[in-house]
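The following report describes a protein model for a reader at the bench. Please keep the sequence and the structure in view while reading.

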Amino acid sequence: MFRFTDMSNSEEQIAQHVLEIRLEMGLTQEQFAAKLGVSFPTVNRWENRKTKPSPLAIQKLQKLLSALKKKKSTSQDNVEDIKASDAPQNKKNANKATV
């Protein structure tokens with residue numbers, strides 16, 4: 001699992017993960033910057049490997065990444081629950097539904 005707090009990560013790795021998180025959230029660089037409390041040029045410099053995020057920004061990115069993974073996991077569980085609940089319980093109920 002990628003961790004922003006791992007200082008051995010290269011600028012290229014960090015830039016790629018910032019971009020992936022932003023795109024997965026469906027946000028523009030401006031929207032993503034606002035969510036993190038930084039400026040648009042800051043996000044742009046991260047994604048273009050000009051600078052690395054500050055320690056505070058890294059903490060915020062890590063929280064966003066955790067929340068995104070949790071949301072993804074929860075939505076996947078909900079999809080599986082829906083599929084299971086849509087299945088007919090027995091043949092009697094299945095026949096009643098088609099009548």
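Which residue with a positive phi follows α3? The residue is arginine 49, with a phi near 60°. The model discussed here is predicted.

## Overall architecture

The protein contains five helices and zero strands. Read from the N terminus, its elements run α-α-α-α-α.

Of the 99 residues in the protein, 25% are buried. The protein exposes about 7200 Å², and carbon and sulfur atoms supply 53% of that area. Among contacts between residues at least 6 apart in sequence, 53% join residues at least 24 apart.

## The contact between α1 and α2

Helix α1 spans residues 11-25 and helix α2 spans residues 29-36; their axes come within 10 Å and cross at roughly 100°. This crossing makes α1 roughly perpendicular to α2, because angles of 65 to 115 degrees count as such. On the α1 side the contact is made by Val18, Ile21, Arg22 and Met25, and on the α2 side by Gln29, Phe32 and Lys35. By character, the residues of this contact divide into four nonpolar, one polar and two charged.

## Two residues of α1

Arginine 22 is found in helix α1. Is arginine 22 buried or exposed? Its relative accessibility is 10%, so arginine 22 counts as buried, the limit for that class being under 20%. Leaving aside its neighbours within four places in sequence, arginine 22 is in contact with Leu27, Thr28, Gln29, Phe32, Val43 and Glu47. Of these partners, Gln29 and Phe32 also belong to the α2 side of the helix contact, while Val43 and Glu47 are among the buried residues of α3.

Methionine 25 also lies in helix α1. With a relative accessible area of 25%, methionine 25 is partly exposed. Apart from neighbours within four places in sequence, methionine 25 is in contact with Phe32, Lys35, Leu64 and Leu68. Methionine 25 and leucine 65 are 40 residues apart in sequence, and their C-alpha atoms are 9.9 Å apart in space.

## The two sides of α2

Which residues of α2 are buried? They are Gln29, Phe32, Ala33 and Leu36. Seen down the axis of α2, these buried residues fall within an arc of 100°, so they line one face of the helix. The face turned away from this buried side carries the exposed residues Glu30, Ala34 and Lys35.

Lys35 therefore has two roles in this description: it is an exposed residue of α2, and Lys35 also takes part in the contact with α1, which is roughly perpendicular to α2. After α2 comes glycine 37, whose phi is positive, near 80°.

## Helix α3 and the loop after it

Helix α3 comprises residues 40-47, and its buried residues are Thr42, Val43, Trp46 and Glu47. These residues cover an arc of only 130° around the axis, which puts them on the same side of α3.

Where does arginine 49 lie? Arginine 49 lies in the loop between α3 and α4, the latter spanning 55-86. The phi of arginine 49 is positive, about 60°, although arginine 49 is not a glycine. Arginine 49 is partly exposed, with a relative accessible area of 44%.

How values were computed: Residues numbered from 1 in each chain as written. Predicted model: local features only at pLDDT ≥ 70, side-chain atom pairs only at ≥ 80, totals over all residues. Heavy atoms only, no water. Axes fitted to C-alpha atoms, helices over the stretch in contact; angles between N-to-C directions. Helix = DSSP H or I, 4+ residues; strand = E, 2+ residues; numbered from the N terminus. Parallel < 35°, antiparallel > 145°, perpendicular 65-115°, else oblique. Contact = heavy atoms within 4.5 Å. Nonpolar A, V, L, I, M, F, W, Y, C, P; charged D, E, K, R; others polar. Buried < 20%, exposed > 50% of the residue type's maximum accessible area, 1.4 Å probe, protein only. Arc of directions from axis to C-beta. Areas by Shrake-Rupley, 256 points an atom, 1.4 Å probe, with all protein chains shown as cover.
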